[in-house]
Amino acid sequence: MLRCHSSTLYSGDRSQIILSYFDATCVLRMVSFDFVENPRYLALVLFGMLKCTPRDAGFNPFFQHGPAEDGEEGSMTRRWKGSIFVFPGEKNGSNLSFTVEDKPWFIAPEVNRRMTCVIPVVDEQGRSLVLKAAYTDDARSLETNMVRKLLNQAPKLKKYLPDITWSRLYDSEKDLHLPRFKFALDVLSMFPVRHLLYFACQRYEKLWQVHSLEEFKAVFIDYVECMFYLRRHSVCCEREYTGHYWAYKEGKVLHRDISDNNLMVHRDGDAVIGILNDRDNASEVEEDGTVMSYKALQRTGTRPFMVLDLLVTNTPPHLYRHYLESFLYILVWAGLHYNLKDGLRDTKDHHLHITG
């Protein structure tokens with residue numbers, strides 16, 4: 001996520017010039033003009049391009065490029081390793097910095113919406129962490145707030161939740177000063193307002209990196225199970241469960257995006273613990289079990305693991321059972337794509353043919 005917004009200029013028919021603008025919320029195409037008939041417009045655009053600062057041009061104000069690649073000195077081609085994210089301190093506090101260790105592990109293939117980016121970094125104490133950046137809809141609860149709610153509602157879930165060491169939300173208008181807020185366009189009221197969330201958390205392994213089938217079974221149970229108490233005839237029968245059900249039943253949070261990319265593994269000595277990560281699409285659950293809905297312009301979930309009910313045109317309310325079914329699809333997916341011996345996931349498509 002190197003750009004907070006971007007403006008482009010391109011040529012239309014003959015001497016027509018078209019301007020466009022995009023950020024995490026919208027893509028706008030301006031009315032074209034003829035630079036032969038109106039050269040002053042072209043001069044105004046070029047003057048603006050000449051005078052604008054990197055921040056005016058939409059470059060991320062928190063990102064500082066690392067050294068240039070060999071043979072690319074002075075060019076805009078930069079390597080990720082060695083670059084730095086610097087975040088201003090709050091209330092006259094000192095700045096906080098993270099040094100990039102390698103290229104991003106994930107960059108969302110989209111020019112707007114969430115624009116999620118996940119980057120391996122090292123903090124000032126030398127800890128190996130992951131820095132995640134995403135634009136979040138102001139109608140939704142923040143992913144970091146969802147984790148804090150789970151910790152408050154179900155503290156026994158702590159070791160099964162991502163360990164968030166730092167987070168900061170930047171307002172698109174007050175902090176990032178996106179140009180969109182200066183446009184006098186009524187159409188912009190149709191789009192949601194998104195703000196930029198950064199947070200750092202402990203680094204984990206992926207599910208396909210477990211060392212054995214037994215470890216796979218152990219962490220998968222962590223993802224699915226829960227903890228409950230059954231009292232009968234003054235006898236307390238305690239059975240320990242962890243993960244998705246406990247988060248739903250006691251934490252009052254439904255994940256809503258179960259995929260193998262969100263299933264992480266934490267090693268604590270010889271023990272392996274399943275971490276259900278990425279609650280940026282999660283919903284809160286009412287006391288009666290109703291899942292709170294949000295007005296979204298896109299379908300929530302990862303398609304290979306979504307139930308058919310949620311892929312139809314008129315999507316019904318999301319239910320807990322939908323995501324139990326998603327876990328079943330992940331088991332099938334893992335059987336076709338995972339090589340646990342080498343800790344690899346096959347990226348090729350595999351078609352499962354069922355005959356009866």
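The exercises below, each with a worked solution, concern a predicted model.

**Exercise 1. The second largest pocket**

Task: State how much space lies in the second largest pocket, which residues lie nearest its centre, and why it lies between domain 1 and domain 2.

Solution:
- Step 1. The space in the second largest pocket comes to about 840 Å³.
- Step 2. Its lining is made up of 26 residues. Nearest the centre lie Ser7, Gly48, Met49, Cys52 and Asp56.
- Step 3. By class, the lining residues are 15 nonpolar, 7 polar and 4 charged.
- Step 4. At least two lining residues come from each of strand E1 (5-11), strand E2 (16-23) and helix H1 (39-51).
- Step 5. Lining residues are given both by domain 1 (1-57) and by domain 2 (78-229 + 237-345), so the pocket lies between these domains.

**Exercise 2. The sheet containing E17**

Task: Give the strand order of the open sheet of 3 strands, name its edge strands, and find which residues stand opposite Met264 and Leu263 in E18.

Solution:
- Step 1. Begin with E13 (residues 205-206) and E17 (residues 263-268): 2 bridges join them, and the two strands run antiparallel. Across this pairing, Glu205 faces Val265 of E17.
- Step 2. Next, take E17 with E18 (residues 271-276): 6 bridges hold this pair, again in the antiparallel sense. Opposite Met264 stands Ile275, and opposite Leu263 stands Leu276.
- Step 3. Put the pairings together: the order is E13-E17-E18, in an open sheet with antiparallel pairing. E13 and E18 are the edge strands, since each pairs on one side only.
- Step 4. Look at the connection between E17 and E18: the two strands form a hairpin with 2 residues between them. In the turn, Gly269 has a positive phi of about 70 degrees.

**Exercise 3. Asp23 and Arg180**

Task: Locate the two partners of the salt bridge between Asp23 and Arg180, and decide for each whether it is buried or exposed.

Solution:
- Step 1. The whole structure holds 8 salt bridges. In one of them the side chains of Asp23 and Arg180 meet, at 2.8 Å from N to O.
- Step 2. Asp23 belongs to strand E2, and Arg180 to the loop between strand E11 (164-170) and strand E12 (194-202), so the pair ties together parts 157 residues apart in sequence.
- Step 3. Both Asp23 and Arg180 are buried.

**Exercise 4. Two further salt bridges**

Task: Classify by accessibility the partners in the bridges Asp123 to Arg127 and Glu215 to Arg267, and say which residues share a network with Glu215.

Solution:
- Step 1. In the bridge between Asp123 and Arg127, the closest N and O atoms are 2.6 Å apart.
- Step 2. The cut-off for a buried residue is under 20% relative accessible area. Asp123, at 7%, is therefore buried, while Arg127, at 41% relative accessibility, is partly exposed.
- Step 3. The side chains of Glu215 and Arg267 meet in a salt bridge of 2.8 Å, N to O. This pair links distant parts of the chain, with Glu215 in helix H3 (residues 213-224) and Arg267 in strand E17, 52 residues apart.
- Step 4. Glu215 has 15% relative accessibility and therefore counts as buried. Arg267 has a relative accessible area of 25% and is partly exposed.
- Step 5. Through salt bridges that share partners, Glu205, Glu215 and Arg267 are joined into one network. Glu205 also appeared in Exercise 2, standing opposite Val265.

Technical notes. Residues numbered from 1 in each chain as written. Predicted model: local features only at pLDDT ≥ 70, side-chain atom pairs only at ≥ 80, totals over all residues. Heavy atoms only, no water. 1 Å grid on protein atoms, 1.4 Å probe; cavity = no way out; pocket = protein on both sides within 12 Å on 5 of 7 lines; lining within 4 Å. Points joined across faces, edges and corners; volume = space filled by probe spheres on them. Helix = DSSP H or I, 4+ residues; strand = E, 2+ residues; numbered from the N terminus. Nonpolar A, V, L, I, M, F, W, Y, C, P; charged D, E, K, R; others polar. Domains from an automatic or database assignment. Pairing = 2+ DSSP bridges. Salt bridge = Lys/Arg side-chain N within 4 Å of Asp/Glu carboxyl O. Buried < 20%, exposed > 50% of the residue type's maximum accessible area, 1.4 Å probe, protein only.
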